[in-house]
Amino acid sequence: MAEGDRADRLLTSMVERLAQTGLVKRRGRQRTDSTHVLAAVRRLDRIELVGETLRAALEEVAAADEDWISALVTDEWARRYGRPVRYERLPKETSERKQYALTVGEDGMRLFQALLAPDAPARLRRLPKVEVMRQVWVQQYWYDEHGDLCWRGPKQTRDRLSRRHSPLRSTTADASDGRPDPASARVPWSSVEIVSPHDPQARFSHKPGKAEWVGYKDHQTETCDSGLPNVIVHVATTPAPEQDIDALERIHSDLAAHNLAPAEHLVDGGYTSPAAIHRARTEYGIDLLGPVRLPPRSRALPGFNKEDFHPNWNERTLTCPNGATSPPWKPTLADGQPRLSVLFPRAVCRACDDRPQCTGNVDGKGRHVLLLPQPLQEIQNRVRKEQKTKPWQNRYAMRAGCEATVSETVHTHGLRNCRYRGTAKTHAQHVLTAAGTNIIRLSQYHDDARSTDPQRGQATRFQHLCQQLSDGTRTRHS
Ligand code: SF4
């Protein structure tokens, strides 16, 4: 089930069959939500990680060629790696812990040198845990200009999409020998940092104020057409730190490939942006319904927002609510994305009574506005206005039901904890959970439909009574 797209094909076959019988509506309405999934591994701190990674590699090498490894093993190695490396058995003092990490690093390098020797069996170098160890050593250690093994510093920045292509890290490397300078010799961001040798694809992530975990994310997409059962039609398993919005393109392309793309897709703010709404509409014909982010400073500055300004796309100017028109805007980049930079003249803004609320600065500069490219800016303006209205909120209310589905799969079917290790097997678990949830729902659907929907079956006695009272064929006894 974990090979290739076998698990996905199982769910797709089920949904196809349901679509043929009319229980799933093509081009209907769907909703998506995600939840965090805990890997089936113990959470390790960095020092436990390197010790446990070396121990796991030694175990695998010993199982493959006991005679070869026996020449390397010392009494110290037997003491350090003879049993699982656990936090409570490690040194407590900071300096001793750092020394322990360096000792493990040196031991690991001795193992690598032995494995790379010409007379070492080549198959040992290709063992999976040895490869994991190689990657962990690259991520946790580095050699300084004196040739000394050093422990990398903790990470400083989160793996924001906008920083993935940032040139800052590469420019800090010394061009002469390719070594990073000590200030940038840090562990990599969470999207690439291995946190357990026993599940090298599991990643660390956290939702501020909600959850902190090592593992994956599960995205569930289900139908939500009135009068029909809610069927999970798509499941995506992603690394824990990946943003929800990064999974959207895959969900849409998979659904479109099987002719299951919805006409309307309800999602929370984590999946929406003007660009995502635009792409869903133009590439897949999907109306993506979800709130777009409000301006980050809108609470602190209750003055004029970007939507209150009127762009003239032909003249490339912006007119503010007080009637001042900007000079032509200039193209620029923000987080690597194209933007239009508009700066109102200082003299105009200084003379304006609304300047403190509008510009938010005290140094007398003019108002600065960053516009998106025209189609995206129009979407942002439209959705920010619409999402405050009652009709939009009524239409969007249907999305909340997806949280009940997540809760059902987590609390009833054990989705929160991985039963297997690795993305492929974890995904197979998620798909099988979704398929099982569908079967349970469908088995209950006909009972529900018979008891609640007179169009689909015989009305119950109570429904029949209510109907008679409402149409006047029966009178109430006093
Ligand atoms: S501060 Fe400048 S941009 Fe803002 S309303 Fe006044 S004139 Fe217009």
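## A first look at this chain

In this chain you will find 18 helices and 13 strands. Keep in mind as you explore that the model is predicted. Buried residues account for 28% of the chain's 478 residues. Let's walk through the fold, the nonpolar cores and the surroundings of the ligand.

**Contacts along the chain**

- Look at the contacts with a separation of 6 or more: 65% of them join residues 24 or more positions apart.

**The nonpolar cores**

- The largest nonpolar core is made of 41 residues.
- Inside this core, the residues with the most contacts are Val-15, Val-233 and Leu-288.
- Domain 1 (6-40 + 205-292 + 392-446) and domain 3 (306-373) each contribute at least three residues to this core.
- Leaving aside residues up to four places away in sequence, Val-15 touches Val-24, Val-231, Val-233 and Leu-260.
- Another core, of 32 residues, lies apart from the largest one. Among its members are Val-50, Leu-111, Ala-202 and Val-214.

**Around the ligand**

- The ligand is surrounded by 14 residues. Of these, Cys-320, Cys-349, Cys-352, Cys-358 and Arg-367 come nearest.
- Sorted by class, this shell holds nine nonpolar, two polar and three charged residues.
- Two helices to find on the structure are α12 (346-350) and α13 (355-359), each supplying at least two residues of the shell.
- Which helix gives the most to the shell around the ligand? That is α13, with three residues.

Key
Residues are numbered from 1 along each chain as its sequence is written. This is a predicted model: local features need pLDDT of at least 70, side-chain atom pairs count only at pLDDT 80 or more; totals for chains, interfaces and linings use all residues. A residue is near a molecule or strand if its C-beta atom, placed from the backbone, lies within 6 Å of it. Helices (H or I, at least four residues) and strands (E, at least two) are DSSP runs, numbered from the N terminus. Ala, Val, Leu, Ile, Met, Phe, Trp, Tyr, Cys and Pro count as nonpolar, Asp, Glu, Lys and Arg as charged, and the others, Gly among them, as polar. A residue is buried if 20 or more other C-beta atoms lie within 10 Å of its own, exposed if 12 or fewer, and partly exposed in between; C-beta atoms are placed from the backbone. Two residues are in contact if their C-beta atoms, placed from the backbone, lie within 7 Å. A nonpolar core is a set of buried Ala, Val, Leu, Ile, Met, Phe, Trp, Tyr and Cys residues joined through C-beta atoms within 7 Å. Domain bounds come from an automatic or database domain assignment.
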